[in-house]
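Colleague: Please take me closely through the spaces in this model, both open and closed. Then show me what packs around them, residue by residue where you can.

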Amino acid sequence: MRPDELILVSVDDHVVEPPDLFGDQVPPRFRDRAPRVVHKKDGSDVWLYEGAQLPNIGLNAVAGRPPEEYGVEPTAYEQLRPGCYDVHERVRDMNANGVLASMCFPSFPSFCGNLWAKTKDKELALAMLRAYNDWHIDAWCGAYPGRFIPLSLPAMWDPALAAEEVRRVARKGCHVVSFCEAPEKIGFPSLHNEHWDPLWQACSDEGTVVAIHIGSGAGMQFTSMDAPVDVMITVQPIHIFSCAADLLWSRVLRRFPALKFALSEGGIGWIPYFLERADYVYDHHRAWTHQDFGGKRPSDVFREHIITCFIEDPVGLKNRHAIGVDSITWECDYPHSDSTWPNAPEILSRSLEGIPDDEVRKITHENALRHFRLDTFSKRAKERCTVAALRAEARDVSLAPKSHGGKPPSADATRPITSQDIVSQLATAFSTPVE
């Protein structure tokens, strides 16, 4: 299948929240305490909430920026491509990339909304959480029906409230909730604990997928501070391996047979080995570990419950049948630094070469639309959903890289950038006071 014939649905993109996010959705008595954007003397824009500064970090929004200017320095909105935070410009950028629909993870509240969980005033936290979810569903996704998969954030501090929110947003058409890969690392019970059962039950009842994004637990993983930062970038996705093992060996998937989890931005190349290893462990150790999959193998349970995704993963696609073709989805990761925008169709097509068209359709859009319950084709005729048709609507979108300057992580251009360079650059986001 040629690149311009593809229909692409990305299950992992990101939104840089616009400055006017918190408006009418916030109850009047909380509006003066809602997060707000301030412009700092150093030229960056930060969200200010309950005395804390929450910056927009460079690598989270580099679409359209020359790669040599990448880094984690704090940024201002004027440095960003408007598609990062403006939904109208985002759709234009999606069209230019030939992407029909997108699921957008949050930025400053964290992937699982831990910002609200850390808020001491839990009445305020719940009001902000609901305001955020309503903005995301009604204003961001609702601006272009059929072009976005709504994604909600949970009330991490209270599983009963989290369950209630899942049910509330399901009535608004949202059937995905973002969760944490390692909740114990941010101060909550682990995935093995019955503490989360009310949330799992609500998701099962509502057909809501639990999306777990890499970095949603411990954040960036550094092997050492003097290691090249390339080490962190290389190993970050594979940390989802541990989360997958937690889920597979936990009681959760067997206790809630209708529940599905999505491993977001984790890639797929590692999955055949993971499943082989899980089956091997089951065969060799279940007599003393007391695991019982009720006549199934761990690999069977994984394929029934786990949705996987990739950006560019030729090895994983060659082994797609060992993974399960019906569970594989694709992602663009706009506007993060790993993104394939604006050449996603051409890059993806290299990995799809030789794969039958029916499997290509499953991987590029059918699986995503089914698992995440997006009824795009009732909103837009299918012939208008191809890469070619979408790009025809975006002929006036400039794709030329635009320099925004900025300081590099290190002034020494003769050595590789290290983890310490990144940490030091990131610290500047919090060291400059807000006037």
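Modeller: A pocket is an open set of points on a 1 Å grid over the protein atoms alone, with protein on both sides within 12 Å along at least five of seven lines; a residue lines it if an atom lies within 4 Å of a point. A cavity is a set of points where a 1.4 Å probe fits but cannot get out. Volumes are the space filled by probe spheres on the points, joined across faces, edges and corners. This is a predicted model: local features need pLDDT of at least 70 and side-chain atom pairs 80 or more, while totals for chains, interfaces and linings use all residues. Numbering runs from 1 along each chain as its sequence is written, and side-chain values use heavy atoms, without hydrogens or water.

Start with the second largest pocket. Its lining is D42, G43, S44, E73, P74, Q79, K407, P408, P409, Q425, T428 and T432. The space there is about 300 Å³. By class, 3 of the lining residues are nonpolar, 6 polar and 3 charged. Asp, Glu, Lys and Arg count as charged; Ala, Val, Leu, Ile, Met, Phe, Trp, Tyr, Cys and Pro as nonpolar; the others, Gly among them, as polar.

The largest pocket holds about 1600 Å³. It is lined by 50 residues, and I57, N60, F111, G219 and M220 are the closest to its centre. Four elements give two or more residues each: strand β4 (52-55) and helices α2 (114-117), α6 (229-235) and α16 (419-431). Helices (H or I, at least four residues) and strands (E, at least two) are DSSP runs, numbered from the N terminus. This lining splits into 29 nonpolar, 16 polar and 5 charged residues.

Now the closed spaces. A search of the whole structure turns up 2 cavities of 30 Å³ or more. The largest has a volume of about 60 Å³. Around it sit D13, R90, D93, M94, N97, V99, S102, C332, Y334 and W341. Helix α1 (87-96) and strand β5 (99-105) each give two or more residues to this lining. The most come from α1, with 3 residues. The class split is 5 nonpolar, 2 polar and 3 charged.

The second largest cavity has a volume of about 30 Å³. V11, M103, A262, L263, S264, I307, T308, C309, T329 and F372 line it. Here β9 (261-264) and β10 (306-310) are the elements giving two or more residues. The lining has 7 nonpolar residues, 3 polar and no charged.

Strand β10 also helps to cover helix α13. That helix spans residues 344-352, and 7 of its 9 residues are buried (under 20% relative accessible area with a 1.4 Å probe, protein chains only; exposed is over 50%, partly exposed in between). The buried set is A344, P345, I347, L348, S349, S351 and L352. The cover over them also includes β1 (8-14), α11 (314-318), β11 (328-330), α14 (357-371) and α15 (387-392). Just after α13, G354 takes a positive phi of about 90°.

Look next at α14, which carries N367. N367 is buried, at a relative accessible area of 0%. Not counting residues up to four places away in sequence, N367 touches V325, D326, S327, I328, T329 and K362 (heavy atoms within 4.5 Å). T329 is also one of the residues lining the second largest cavity. A polar atom of the N367 side chain lies 2.8 Å from the backbone oxygen of I328. The same side chain reaches the backbone oxygen of D326 at 3.5 Å. Polar contacts are N or O pairs within 3.5 Å, one able to donate a hydrogen and the other to accept it; residues adjacent in sequence count only if both atoms are side-chain atoms.

Last, the rings. The structure holds 24 aromatic pairs, of Phe, Tyr or Trp (six-membered ring) with centres within 6.5 Å; planes under 30 degrees apart are stacked, over 60 edge-to-face, the rest tilted. W140 and F148 form a tilted pair, 5.7 Å centre to centre and 50° between the planes. Both W140 and F148 are buried. F241 and W270 are also tilted, at 5.5 Å and 45°. This pair links distant parts of the chain, 29 residues apart: F241 sits in helix α7 (240-249), W270 in the loop between β9 and α9 (271-289). F241 is partly exposed at 24% relative accessibility, whereas W270 is buried at 10%. Ring pairs also join F22, W47, Y49, F108 and W116 into a cluster.
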